[in-house]
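Please look through the sequence and the structure below before reading the report that accompanies them.

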Number of protein chains: 2
Amino acid sequence: MTKQLKNIKPVDTGSLVDKVEVRLLAFFKENNLKPGDAIPKELDFAESLGVSRTVVREALLRLRTLGLVESKKHRGMILKQPDIINNFERIMDPTLLGENTLKQLFEFRLILEMGMADFLFENRTQKDMDELEEIVETGEATDTGKIRFTLDKEVAFHGKLYQISKNETLQRFQGLLLPVFEYVYLKETENTDLDEYHYTTGTFVTHRMLLDNLKIGTPETFRNAMRRHLEPHFDHILKKGQP
Amino acid sequence: MTKQLKNIKPVDTGSLVDKVEVRLLAFFKENNLKPGDAIPKELDFAESLGVSRTVVREALLRLRTLGLVESKKHRGMILKQPDIINNFERIMDPTLLGENTLKQLFEFRLILEMGMADFLFENRTQKDMDELEEIVETGEATDTGKIRFTLDKEVAFHGKLYQISKNETLQRFQGLLLPVFEYVYLKETENTDLDEYHYTTGTFVTHRMLLDNLKIGTPETFRNAMRRHLEPHFDHILKKGQP
DNA sequence: TTCATTAAATATGTATAACATAATACAAAA
DNA sequence: TTTTGTATTATGTTATACATATTTAATGAA
């Protein structure tokens, strides 16, 4: 093992693009540029920073990828209101994410559904309730017990809930989590008989009961109902830790 | 207004880089490449796809920015397990996010804290409780009523809660939300006298009470306590919609 | 003058060639 | 065996040229 020398620090080995990216961000801040404002052209940056256009271009490309900058083709670039969610979409591929991340994202979803009750009660409209009613009815009518259909019903019902929250960021986030959810859900139900929960425990809460609760209940009662509705998932994910 | 011609589709105006990015992703999938695997070099891609190295390089740079690919300097590139959270960090700047997004992110945080109860009770350890105890004590000892200190206490206490959840993704997400939270919190408390809530409503729940609840309560009681603890924020954000 | 067309200027998009640099492997020397 | 030198290789960086679409200005016909 090589000995670590003292009184000598490693030289800066970071790439030019890294540095330029930082300088660009600093430039935006210093000049107090806001979304919508135009930014200087690539060549001007290149000259001022003393690097090639390529380097500036690559740094700008990063910011574009992050959604911080938008390039109007052949015209110039402007600062953009960064789209938080957009970047996730390209990489949220369950097959590329690790087991651990998947589990945490699944937990994340459970947390969201448990926590959104107040916003549901605050923002629900009659139209929302009617639509939810229809979703529940359709679900009950087509109750074949097949897992695939069960999943579709789940997605439709819970997706509608997110919609009712009227929080667009939350909604889009749920859209991202959906593939993860389906992925985990299908794996989870592989060896589990959901009917066991549905019909034997007696405490299982159906979509119908959740809907009724949303009509006449309170955030507090709804949370408790939701907790019991999600019981199988909680059971599954909490047991997973202990062998 | 120009009439829309039939039987003729607009030409593909998307950039080459866009197309190459898609092709690269498809390539990874088709060849079943997993994180850690090496990928062909830029020039090989360029030749096979019939475009310049520049284009391939820009497409790869995007994937690198998204964290899907890692470049070993001067050696080659490998697929990487994408880091969901990392991309947020660079753009999560409250001064660049719109009013509406900020509000939604603040709501998001409320939802998380309301929803995480089960995981707190499941994963808490004695060590966690001791540390939380100390945080609460320090908070009580330095209760000066100054908003800045109040904020620090909030951050310390609630940050510890996220830690107890043992969900790393959640924790890092909260880390991202922190600047947003502070930003909104300070604006929110500008014109509000928090003491009003603390001392007059009578139902306000302190950190001490939350801690006690976490010791001897259940997820259900904890959620109710947390809801009352967050009451000022809920009030503020829910009232905001109506003038 | 008014309107349509043309032309010039401009900034990004793409292509090509060349060299710099660092990681690695392997050979040569101590 | 250990160190040092060297060739190889893929990315990092620079430079230059051209393509293309948008804007602006100029031009010319009614």
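The report describes a predicted model, beginning with a sheet and then turning to a DNA strand and the protein around it.

In chain B, three strands make up an open sheet whose order is β1-β3-β2, with antiparallel pairing. The edges are formed by β1(B), residues 38–39, and β2(B), residues 69–72, each of which pairs on one side only. Strand β3(B), residues 76–79, runs antiparallel to β1(B) and is joined to it by two bridges, and within β3(B) it is Met77(B) that serves as the bridge partner of Ile39(B). Helix α3(B), residues 53–65, packs on this sheet and touches β1, β2 and β3 of chain B, while its direction makes about 110° with that of β2(B).

Around DNA strand D there are 20 residues, of which Leu16(A), Val55(A), His74(A), Lys41(B) and Arg57(B) come nearest. By residue class, the surface near DNA strand D divides into nine charged, seven polar and four nonpolar residues. At least two residues of that surface are supplied by each of α1(A), residues 16–30, α3(A), residues 53–65, and α3 of chain B.

On the side of the nucleic acid, 71% of the atoms of DNA strand D that lie within 4 Å of the protein belong to sugar or phosphate, and the rest belong to bases. The table lists polar side-chain atoms together with their distances from a phosphate oxygen of DNA strand D.

| Residue with the polar side-chain atom | Distance to a phosphate oxygen of DNA strand D |
|---|---|
| Ser52(A) | 2.9 Å |
| Arg64(B) | 3.4 Å |
| Arg75(A) | 3.5 Å |

Note on methods: Residues numbered from 1 in each chain as written. Chains lettered and ligands numbered in written order. Predicted model: local features only at pLDDT ≥ 70, side-chain atom pairs only at ≥ 80, totals over all residues. Heavy atoms only, no water. Pairing = 2+ DSSP bridges. Helix = DSSP H or I, 4+ residues; strand = E, 2+ residues; numbered from the N terminus. Contact = heavy atoms within 4.5 Å. Axes fitted to C-alpha atoms, helices over the stretch in contact; angles between N-to-C directions. Near = heavy atom within 4 Å. Polar contact = N/O pair within 3.5 Å; in protein donor to acceptor, adjacent residues only side chain to side chain. Nonpolar A, V, L, I, M, F, W, Y, C, P; charged D, E, K, R; others polar.
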